[in-house]
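Reader: I am new to this structure and would like to understand the terms used to describe it. Please show it to me before we begin.

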Protein chains: 12
Amino acid sequence: MARDIALNILVMHGPNLNMLGVREPNLYGLLNLDAINSKLQKTAADASVNTSFFQHNVEGELVNRIHQAYQDGVDGILINPAAYTHTSIAIRDALLATSIEFVEVHLSNVYQRESFRHHSMLSDIALGVIAGFGSTSYDLGLQALILHLQQHKKT
Amino acid sequence: MARDIALNILVMHGPNLNMLGVREPNLYGLLNLDAINSKLQKTAADASVNTSFFQHNVEGELVNRIHQAYQDGVDGILINPAAYTHTSIAIRDALLATSIEFVEVHLSNVYQRESFRHHSMLSDIALGVIAGFGSTSYDLGLQALILHLQQHKKT
Amino acid sequence: MARDIALNILVMHGPNLNMLGVREPNLYGLLNLDAINSKLQKTAADASVNTSFFQHNVEGELVNRIHQAYQDGVDGILINPAAYTHTSIAIRDALLATSIEFVEVHLSNVYQRESFRHHSMLSDIALGVIAGFGSTSYDLGLQALILHLQQHKKT
Amino acid sequence: MARDIALNILVMHGPNLNMLGVREPNLYGLLNLDAINSKLQKTAADASVNTSFFQHNVEGELVNRIHQAYQDGVDGILINPAAYTHTSIAIRDALLATSIEFVEVHLSNVYQRESFRHHSMLSDIALGVIAGFGSTSYDLGLQALILHLQQHKKT
Amino acid sequence: MARDIALNILVMHGPNLNMLGVREPNLYGLLNLDAINSKLQKTAADASVNTSFFQHNVEGELVNRIHQAYQDGVDGILINPAAYTHTSIAIRDALLATSIEFVEVHLSNVYQRESFRHHSMLSDIALGVIAGFGSTSYDLGLQALILHLQQHKKT
Amino acid sequence: MARDIALNILVMHGPNLNMLGVREPNLYGLLNLDAINSKLQKTAADASVNTSFFQHNVEGELVNRIHQAYQDGVDGILINPAAYTHTSIAIRDALLATSIEFVEVHLSNVYQRESFRHHSMLSDIALGVIAGFGSTSYDLGLQALILHLQQHKKT
Amino acid sequence: MARDIALNILVMHGPNLNMLGVREPNLYGLLNLDAINSKLQKTAADASVNTSFFQHNVEGELVNRIHQAYQDGVDGILINPAAYTHTSIAIRDALLATSIEFVEVHLSNVYQRESFRHHSMLSDIALGVIAGFGSTSYDLGLQALILHLQQHKKT
Amino acid sequence: MARDIALNILVMHGPNLNMLGVREPNLYGLLNLDAINSKLQKTAADASVNTSFFQHNVEGELVNRIHQAYQDGVDGILINPAAYTHTSIAIRDALLATSIEFVEVHLSNVYQRESFRHHSMLSDIALGVIAGFGSTSYDLGLQALILHLQQHKKT
Amino acid sequence: MARDIALNILVMHGPNLNMLGVREPNLYGLLNLDAINSKLQKTAADASVNTSFFQHNVEGELVNRIHQAYQDGVDGILINPAAYTHTSIAIRDALLATSIEFVEVHLSNVYQRESFRHHSMLSDIALGVIAGFGSTSYDLGLQALILHLQQHKKT
Amino acid sequence: MARDIALNILVMHGPNLNMLGVREPNLYGLLNLDAINSKLQKTAADASVNTSFFQHNVEGELVNRIHQAYQDGVDGILINPAAYTHTSIAIRDALLATSIEFVEVHLSNVYQRESFRHHSMLSDIALGVIAGFGSTSYDLGLQALILHLQQHKKT
Amino acid sequence: MARDIALNILVMHGPNLNMLGVREPNLYGLLNLDAINSKLQKTAADASVNTSFFQHNVEGELVNRIHQAYQDGVDGILINPAAYTHTSIAIRDALLATSIEFVEVHLSNVYQRESFRHHSMLSDIALGVIAGFGSTSYDLGLQALILHLQQHKKT
Amino acid sequence: MARDIALNILVMHGPNLNMLGVREPNLYGLLNLDAINSKLQKTAADASVNTSFFQHNVEGELVNRIHQAYQDGVDGILINPAAYTHTSIAIRDALLATSIEFVEVHLSNVYQRESFRHHSMLSDIALGVIAGFGSTSYDLGLQALILHLQQHKKT
């Protein structure tokens with residue numbers, strides 16, 4: 001049944017993204033997180049993909065959520081790790097431990113900002129990376145993730 | 001007229017991309033460049049966007065083509081600078097000189113490869129960067145570029 | 001009314017500062033955290049400044065508290081980020097996102113200690129930095145913060 | 001009485017170790033965390049040593065648990081800090097603040113992995129370090145810790 | 001007698017501080033050096049502390065003045081080493097040779113400026129460091145210095 | 001005859017300099033390349049010096065032109081290598097191979113720009129370097145080159 | 001027969017370990033090398049494991065002994081490479097050439113000492129590493145080595 | 001037939017090698033490129049190996065020629081990349097894309113020259129490297145290449 | 001009056017330049033400082049520009065002279081900072097504090113000398129930099145400075 | 001006499017090369033050292049060149065053998081320094097002290113291996129370097145050495 | 001005459017050495033500068049060598065004194081540059097400009113102190129360097145200097 | 001008795017020093033090792049100091065000799081570690097283990113040579129260091145060592 005093969009995707013937002021709209025609007029635009037999630041949810045639904053959403057400011061809770069995703073049989077993760085992009089080996093290890101494929105996205109062009117934002121602890125184990133397009137980065141990332149999972153899971 | 005405000009986009013491919021399909025298929029997939037260009041051309045046409053395409057192995061000819069794009073009134077560039085990503089100040093200067101907005105794309109996940117591929121001479125002046133999704137990187141990049149140009153040009 | 005324009009200041013203490021008095025007394029002196037807070041509270045009250053206090057060992061909870069301060073209309077933060085001084089981009093992003101002005105203080109002279117304590121992720125976005133005077137660092141930081149806020153807020 | 005001088009040891013596991021058995025079995029073997037703890041508990045009991053166990057994915061909760069160990073009069077800690085090995089100044093400060101002696105263990109040979117795993121924020125303040133022997137690393141670490149504490153505490 | 005135990009403090013200003021008011025007002029505010037000295041002198045007098053003041057643009061003359069302070073029995077130094085902060089081993093050696101305790105202050109937030117201003121040759125041998133509060137940095141530094149000297153000298 | 005000993009100077013312009021006037025006018029001023037060449041030609045003619053001019057965006061063509069200059073008996077080269085300043089070992093080798101003396105000039109003050117523009121692959125083998133005076137850099141460079149060649153060639 | 005499958009282990013000691021007891025007792029304890037070897041020999045014998053012992057101050061002789069171990073069919077090596085830990089590619093190559101599995105041990109906590117002792121030329125090709133427990137490091141290393149060899153050789 | 005299995009080898013010379021004999025004779029000797037090619041052609045012919053030769057100063061044209069070699073079924077390349085040795089990722093990618101085996105040669109001992117000549121972008125993907133023997137480097141490289149190809153192609 | 005708007009230029013020479021003619025003649029030529037100053041004075045006078053000259057070996061006296069120039073209303077400075085080029089933040093700060101525009105010149109080609117001479121503390125705040133032409137560097141620098149000041153001051 | 005002018009060449013093999021055939025056959029091939037020496041001896045004899053051979057695992061004995069070669073009037077050395085390539089200043093000094101010309105060879109392509117094998121302590125004082133061709137590296141090195149010595153000694 | 005050939009030696013002491021006896025006695029011993037000079041003067045006189053002495057805390061005055069030494073025909077300088085050892089290019093240039101041979105001495109073992117004291121700006125142009133023997137360093141340096149000058153000047 | 005308190009000094013020479021007189025005479029002068037030893041022996045005898053001498057090219061044998069010196073009750077060592085200066089942790093450990101005080105000497109000015117000769121593994125644990133005076137370095141080192149030992153041993 002289609003139901004059996006429906007994809008499950010988890011969208012994860014790292015620290016401070018709950019403040020979107022407040023936080024440095026010149027960098028991230030005016031959209032808030034709910035609006036972004038709604039749009040993603042709708043796009044996914046149109047492709048018969050189930051979505052769940054999670055934002056947290058605590059690194060370890062992001063780790064916990066990845067573990068739960070593994071228990072829940074999530075097929076792929078769309079993640080904007082925000083500040084933890086550059087420092088979190090724990091999130092990297094959670095993704096390695098669960099072997100869930102993921103796409104890394106960033107709202108801002110991280111290469112235009114402080115040099116400590118130029119390196120990611122996750123990029124080399126991601127399917128791919130998208131940065132700089134504001135909330136469109138999420139939209140593109142979702143497309144890429146669905147496309148990849150459909151090509152490698154369907155049967 | 002709608003015609004007057006139609007967007008013109010140049011798609012540029014850097015060195016060795018003419019060899020796509022031959023070159024390291026485990027990294028880049030089996031698609032050749034013509035197939036990629038055809039798909040992009042069709043997608044753009046559907047959005048009433050004009051496209052032109054250019055591939056060259058000589059750094060200076062890529063510079064020349066960017067200059068010509070400026071003369072032709074090109075609105076945006078979708079570029080996969082390939083090997084020149086990491087070394088070409090000349091291409092950077094051409095993009096700075098002409099102030100044409102551009103999106104940088106890569107077929108492979110450059111962060112999984114040799115360390116000299118982790119740095120780009122162009123990313124900090126790009127609208128955004130997409131890497132790792134094979135030929136889908138181009139598709140996503142085109143979307144992002146069109147969306148951006150429509151939001152900032154139309155009137 | 002004076003009430004309307006009364007300043008609200010949040011005093012934040014990073015990880016392990018709940019152990020003050022136990023922890024390395026040769027570095028930090030014998031005062032415990034309650035004593036420090038009481039003195040600060042009294043000094044602030046004398047200047048008709050409201051204070052609230054927060055200590056936590058979890059990086060993300062410090063982020064959460066900064067967000068709440070923004071909701072509460074806090075005017076300034078006096079923060080000793082302790083261990084997170086040197087690694088937390090998340091706290092930096094919380095302070096950037098909320099644009100609350102803050103002063104960074106340290107009990108010990110961080111420049112006399114391990115080299116990884118010589119760099120701060122927060123100093124370049126702080127009003128100023130004070131280090132090395134034991135609990136007096138807090139007293140001086142509070143003075144500086146109140147003075148700055150009074151000069152830039154009053155009326 | 002023997003009871004009075006019985007040693008109390010806390011075994012701590014850092015982030016993602018709750019996923020043992022799932023996570024990269026080629027690196028860590030197939031044992032899960034409960035099995036490891038049971039074996040350690042039994043070995044300790046044979047030496048009349050009391051043990052308690054703690055695993056958490058949140059850095060700050062590991063800090064909290066070390067503080068509690070200090071309150072509880074724990075004599076020594078056996079810790080596998082996992083991902084936080086390489087980044088946590090907060091855990092380092094908790095161990096410095098409480099002055100509880102500890103042994104650092106790793107399941108995998110960290111020197112065979114990514115370069116960011118070659119440096120530990122804890123090793124220079126540990127009694128000693130053991131890495132690379134799978135769950136045997138814990139067994140050896142417990143032995144070393146008991147031996148050390150017995151030589152320095154008894155009577 | 002109170003006279004016998006009165007503290008003597010030397011306030012030292014490094015190169016270009018004679019130009020205060022002229023020099024980069026966006027960084028340092030509009031106060032000139034005489035005004036700063038007057039305020040410090042008054043504050044000190046209120047605490048029965050004697051002050052002397054010295055500004056010079058020649059590194060070696062600052063060294064000479066520190067030597068003289070040793071001959072004169074100065075108890076503490078409040079120093080803004082300005083440009084020599086980052087390069088002067090000679091001033092460091094003068095302070096080491098005389099063992100006079102000192103507080104290091106900076107008008108501007110040095111961490112927001114050129115990277116060569118992020119390191120100080122003096123901080124690790126100072127009592128403490130204060131930076132970023134304009135002329136208030138001096139006021140706070142004087143307080144801290146007097147407090148420290150009173151606690152360690154009196155009787 | 002004076003004719004026999006007339007000096008021949010080649011003026012070379014690197015990539016993107018054909019776009020002068022368009023490119024970043026805040027950095028380079030409004031003069032275009034023809035105007036610059038005309039002025040140089042005239043100045044040289046006044047000193048009975050023959051000039052030829054060359055601009056190209058392809059690194060290898062700049063190499064070729066230096067080889068041809070050697071065949072033509074050119075006495076000196078005035079070169080603005082632009083982007084290739086910082087990366088071209090090939091141009092360096094061409095200048096070493098032909099042993100033609102040259103002066104290196106830059107329109108902008110390269111030390112105010114991105115750090116990768118602070119190093120030149122050519123400066124240590126040049127007669128001298130002039131940077132930051134807009135088109136005047138060329139005028140000064142021509143003077144210096146003529147003066148040097150006249151002092152070392154005449155008779 | 002049990003005899004046929006008895007394990008043979010070589011214990012190797014690098015330079016200056018013949019001076020144990022003399023050398024920096026605060027770092028290494030008072031045990032001399034003979035006492036350490038005797039204890040190891042006894043432990044091994046209890047597990048029906050044959051042992052041989054070798055100490056030398058010449059790097060090349062340690063290489064020679066590893067070669068001989070290969071000829072003799074040694075199953076595993078317990079090595080404290082001492083000073084050569086940090087510099088000897090020759091010993092690394094000998095262990096690679098013979099493919100004899102080995103455990104690396106250190107008496108002192110090398111991470112507390114000079115920075116040049118923090119890197120080992122051998123760790124990434126060892127089964128595992130143990131450091132900081134004085135002569136107990138050897139005891140633990142022997143256990144780990146025997147356990148590993150028994151699990152991978154027996155039958 | 002022998003003809004069918006005859007090897008085809010392409011000899012490539014990078015930038016400035018057309019100036020051989022002129023360029024720094026103390027480094028490269030007095031031989032010109034034609035003489036080198038003639039000798040190589042003759043040696044190859046004696047071994048029934050077909051040779052073609054190519055020199056160019058434009059990086060991208062060297063890339064093009066490698067692509068053509070792939071189309072022509074060239075078995076191996078003998079290349080002196082000269083200045084592009086140290087900077088060309090494009091040539092590296094061309095060799096990776098076509099998977100043609102190659103030997104890297106240098107006339108001079110690059111380790112005696114400027115430090116930027118000590119690193120090659122090609123060596124790690126070459127069969128082997130020969131440097132320092134003047135034109136003899138080519139002779140040895142050709143031998144090594146023929147020998148390798150004969151051992152791996154014949155039949 | 002023309003007199004009112006006459007430009008005033010200060011020519012500054014750093015340490016050891018009083019020894020010109022003695023000092024390393026192979027680097028600097030045989031001209032002494034008086035001859036250089038005379039020529040500059042004459043050139044300036046021809047352009048109705050007033051000049052003053054200053055040489056000192058003490059860093060702080062160069063700082064003092066810049067301050068005085070500010071009091072005197074000097075329009076521009078032509079400076080050869082010599083050894084202080086590479087280390088003096090104090091001179092940099094004096095130039096920043098007074099905002100007097102300046103040109104930096106060097107007799108020798110600093111890029112051919114010890115690596116510590118390749119970096120200047122002043123270049124990024126200079127109008128431009130000229131190096132390598134012996135005393136001609138001063139002549140060119142004076143031209144450039146006068147031209148710049150005339151274009152930006154006159155009227 | 002021909003005898004008088006016959007060349008004497010010493011072939012030196014560094015540590016672990018006595019294990020050839022055992023050691024990492026995927027890197028070095030299956031040839032053992034005797035076979036390599038025999039082939040070299042025969043090739044040399046055909047060219048009327050005398051050869052001697054030496055392998056040792058002790059750095060200092062390789063130094064001794066170079067000294068002896070000087071006493072014996074050896075004309076050239078063909079050396080594979082193996083592990084000592086990257087660390088031995090003593091062998092470098094022996095070759096400098098005796099001024100015997102030498103060729104450096106490596107069996108494997110050192111640039112494909114660990115980064116510490118990319119640098120040689122000898123290359124910049126060698127005639128030339130050959131790496132990556134298995135035992136053929138020796139054959140080519142012998143040719144190059146004989147050719148060089150014949151061109152510079154004969155008569 | 002003996003008089004004609006008598007050597008003249010200048011003994012120079014850098015910053016803070018006037019404080020000898022006060023300054024860090026554990027590093028430098030208890031001797032004051034006059035005692036050191038007296039002993040040197042006597043030793044020199046015994047060898048018929050004239051001596052003069054100079055101490056200053058200003059870098060530029062040390063430069064001036066070296067210039068004067070050149071005018072006075074001083075044959076050699078014995079210098080303890082103290083803090084300026086590590087930073088003064090100006091003193092280096094003075095010694096280069098005058099070509100007076102000199103010996104560099106240090107009271108303390110600079111290699112045991114802060115890492116910024118491990119590098120000297122003068123050592124590579126000195127005859128030799130002596131460090132660590134307290135005032136004996138001067139005695140040895142004087143001997144070495146006299147011996148050298150006698151061997152190279154006499155007659 | 002004088003005999004009882006006579007000092008015993010060991011003079012050690014590192015690798016290649018047996019070749020003195022042959023080796024790079026421009027760096028080391030023409031003296032051979034026997035002449036140096038004879039002079040030292042005579043000087044020591046005049047001061048009633050016993051001397052022994054040792055030269056070896058094998059690092060481990062130098063270690064052995066230091067151990068033996070400890071057994072023999074040697075009071076001090078005068079050592080020129082030559083090439084091992086820069087790499088030998090083993091010799092450092094031998095000197096630490098035996099706690100014999102030593103002086104480090106070098107014939108040449110190591111700071112004028114290759115950069116890898118600028119760092120010593122021994123200097124920070126030596127009494128002092130002398131470099132650059134040819135064989136006189138030994139003479140001065142012996143003086144310093146005897147003086148130091150007499151001051152700290154006598155009685």
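Reader: What makes strand β5 of chain A and β5(B) count as paired strands?

Author: Two strands pair if DSSP finds at least two bridges between them. Strand β5 (residues 128-131) of chain A and β5(B) are joined by 3 bridges, so the definition is met; the two strands run antiparallel. Opposite Ile130(A) stands Ile130(B) in β5(B). The strand names follow from DSSP runs numbered from the N terminus, with strands (E) of at least two residues and helices (H or I) of at least four. This is a predicted model, in which local features need pLDDT of at least 70 and side-chain atom pairs count only at pLDDT 80 or more, whereas totals for chains, interfaces and linings use all residues. Residues are numbered from 1 along each chain as its sequence is written, chains are lettered from A and ligands numbered from 1 in the order in which they are written, and side-chain values use heavy atoms, with hydrogens and water left out.

Reader: Why is the relation of chain B to chain A called that of a two-fold axis?

Author: Two copies of a chain are related by a rotation about an axis and a shift along it. Here a turn of 180° and a shift of 0.0 Å along the axis lay chain B on chain A with an RMSD of 0.0 Å. That is the relation of a two-fold axis. In chain B, the C-alpha nearest this axis belongs to Ile130(B), at 2.2 Å. The superposition is by least squares on the C-alpha atoms of residues with pLDDT of at least 70 in both copies.

Reader: How do you know that chain B and chain A meet through the same surface?

Author: Contact means heavy atoms within 4.5 Å, and 20 residues of chain B are in contact with 20 residues of chain A. Of the interface residues of chain B, 100% are also interface residues in chain A, so the copies meet through the same surface.

Reader: What is the area buried between chain B and chain A, and which three residues of chain B supply more of it than any other three?

Author: Buried area is the accessible area (1.4 Å probe) that two parts lose on being put together, summed over both. For chain B and chain A this is about 1,600 Å², with 59% of it on carbon and sulfur atoms. Tyr111(B), Phe133(B) and Leu140(B) supply 31% of the area that chain B buries against chain A, more than any other three residues.

Reader: Which kinds of polar link does the rule find across the interface of chain B and chain A, and how many?

Author: A salt bridge needs a side-chain nitrogen of Lys or Arg within 4 Å of a carboxyl oxygen of Asp or Glu, and the rule finds 0 of them across this interface of chain B and chain A. A polar contact is a pair of N or O atoms within 3.5 Å; within protein, one must be able to donate a hydrogen and the other to accept it, and residues adjacent in sequence count only if both atoms are side-chain atoms. By that rule, 10 residue pairs are in polar contact between chain B and chain A (both at pLDDT 80 or more). On the side of chain B that touches chain A, β5 (128-131) and α5 (136-153) of chain B each supply at least two residues. The largest share, 5 residues, comes from α5(B).

Reader: How many residues on that side of chain B are nonpolar, polar and charged?

Author: Ala, Val, Leu, Ile, Met, Phe, Trp, Tyr, Cys and Pro count as nonpolar, Asp, Glu, Lys and Arg as charged, and the others, Gly among them, as polar. The side of chain B that touches chain A accordingly has 12 nonpolar, 7 polar and 1 charged residues.

Reader: What makes Glu114(K) and Arg92(E) a salt bridge that joins two chains?

Author: Their closest N and O atoms are 3.0 Å apart, and the limit is 4 Å, so the pair qualifies. Glu114(K) lies in the loop between β4 (101-106) and β5 (128-131) of chain K, and Arg92(E) in helix α5 (residues 89-98) of chain E, so the pair joins two chains. Over all chains, the structure holds 60 salt bridges.

Reader: What joins β5(D) to strand β5 of chain G?

Author: These antiparallel strands are joined by 3 bridges, and the bridge partner of Val129(D) in β5(G) is Ala131(G).
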